[in-house]
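Hi everyone, thanks for coming. Let's walk through one structure together, step by step.

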Amino acid sequence: MHQRISLLALFSTADTPHFGSRRFLQALRFVVASAPALLQGKGSRAFGFKVVCPGPDFAMLAKAVLSLGLWLQFAAGQNTPERGPQPSASNSEGDLLFLLDSSGSVSYYEFSRVKEFMWDLVQPFTFGPRDVQTSIIHISTTPTMEFPFDRYLSSGTLQQAIRDTQQLMGDTNTGKALSYAKEKFFSDEAGARPDVPKVLVWVTDGFSTDDISEPMQLLKDMGVTVFIVSTGRGSYLELSAAASQPPEKHLYFVDVDDLPIITKELRDAILDVIQANRLHAVDITSSSFRLMWPKLLSQETGYYTLEYAPIDDLARKRTKQVSGAHTSLMLSNLAPETTYEVALIPESNVHYFPPQTTRVTTLAEETSPAQVLISESGPYSFHVSWAPTLDSVISYQILYGPLPGNSVKLLEVDGEHNSTVVENLAPNTTYLVTVTAVYKSGKEKSLSAKACTQEEGSKVRHLRFEDMGPNTLKASWDSADGKVLGYRVRCRRQTGPSSVISVSPQIHSVILTDLASGTTNKVCVKPMYKNQPGKRLCRMVHMQPEAQGYKHRQRA
């Protein structure tokens, strides 16, 4: 009976008498988002979070609530269309090189997320000897090229090659990797091409063991456009100097779990570089795109004729003319998810210029939010972000409450923003967060995610080391606050296998062996709690050769 009272109490948040009110539907949406997962039983996954069903009575109630909610959503005319496929970024030509941090300072999880990000970034490109070519160089003790630019010339083979890329470990010698990249960017042996735009995307956790300024400047002096994505705590001054200018267009700071948020913006910035000398489209939406082309004419020397039509119905060709002073034109009132054949014909009274052609695919009628991400979780707050942001959205509503629980709170965010911080929360508590986009048309779309706050003081303090003999150290730490269930100690060796040791909450030290002399190793200690792990504390430990002992430096 208590379970029924807790769920139905959600509806008390509606302060207007009729069930179609906005406040009532917000509370209902919160419950409906939970119901499908509850119906699937213990360990089921729906709406991006995992729910454990508390019992058969609750499941029966969830079925009733879900049925009522779906009926109300139908009555209110709320739509939740799916996102369509990503459009092809054709008519681009350039050599794209990823500088991938493959060193021991990056965890396996972080490395996997970065590989996913790389594929998402290049997926819409067309690959080939007259299109985009890409390669990967590993940052490690010694830089290594994963594959040459001209090896994988189809989306399928490139995707598999990125998936198969393995982390090398070792030191973070970024300067060496940049010098190596300079050689490969202009090497026929590496499959690079002369006279095409060169783009470098450096994904880093912000840490390097050698100098990067000189080799990076040499790359930029040779015409390479440098984009930097920092997933760690790198120095803004150092990285902004390393990136191409201006830094606000070429430098990104983002948590590794939030990389999808910047994918489209970074891809568009890359396209601006590799499409600069050809007829191409930018600002593509479901009903319009802007055509851009190099300056060929002037007001006095001629004009441009633009012809465009859907490729499956060329008889519907439309024509526009603009003066020779123009280098762009917006085409609107187009059909969504449609590929258009576009031709630019320069009509010059001085010289002959051949026509330029391109194909552009309009987007599906995109909806937001398509994903909700939780990050920076603490005892009393967490960060909520979502994507994409659309001009058609006027505001976002963030509805959140504890699971299980009978209280719901609401935050409202302007439609131009894609994140907010939820504060004044209870420690060690699971919350259901629902982000709702309110469109100018009056339609709404919702997506939910689960968030967990941490225990108070959930971080290990004062990690220190004691020399215990050849190749052996004792790692000790002070206890973390809260109800710790144990500690997990991970040692990532520069040479040799990594190891993970789990100890009880009463033990605050472990013995680490097989640490080769002259190597740098990463040691992390993480407290374990009932709902989720606490924050880890890491140190980089350098084992001096022979009997010189060891030294360590802090690594966040």
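First, a bit of vocabulary: helices (H or I, at least four residues) and strands (E, at least two) are DSSP runs, numbered from the N terminus. With that, we can place Thr430, which belongs to strand E21, residues 430–439.

Before going further, please note that this is a predicted model, where local features need pLDDT of at least 70, side-chain atom pairs count only at pLDDT 80 or more, and totals for chains, interfaces and linings use all residues. Residues are numbered from 1 along each chain as its sequence is written, and side-chain values use heavy atoms, leaving out hydrogens and water.

pLDDT is the predictor's confidence in each residue, from 0 to 100. The protein chain has a mean of 80, with 81% of its residues at 70 or more. Over residues 1–56, though, pLDDT stays under 50, and residues 69–85 also stay under 50. Where pLDDT is low, the predicted coordinates should not be read in detail.

Back to Thr430: is it buried or exposed? Thr430 is buried because its relative accessible area is 15%; buried means under 20%, exposed over 50%, and partly exposed in between, with a 1.4 Å probe and protein chains only.

Now a small sheet. Two strands pair if DSSP finds at least two bridges between them. The open sheet has three strands in the order E9-E10-E13, paired antiparallel. Its edge strands, E9 (280–282) and E13 (328–331), each pair on one side only. E10, residues 289–292, pairs with E13 over four bridges, and Arg290 stands opposite Met330 in E13.

Note on methods. Contact = heavy atoms within 4.5 Å.
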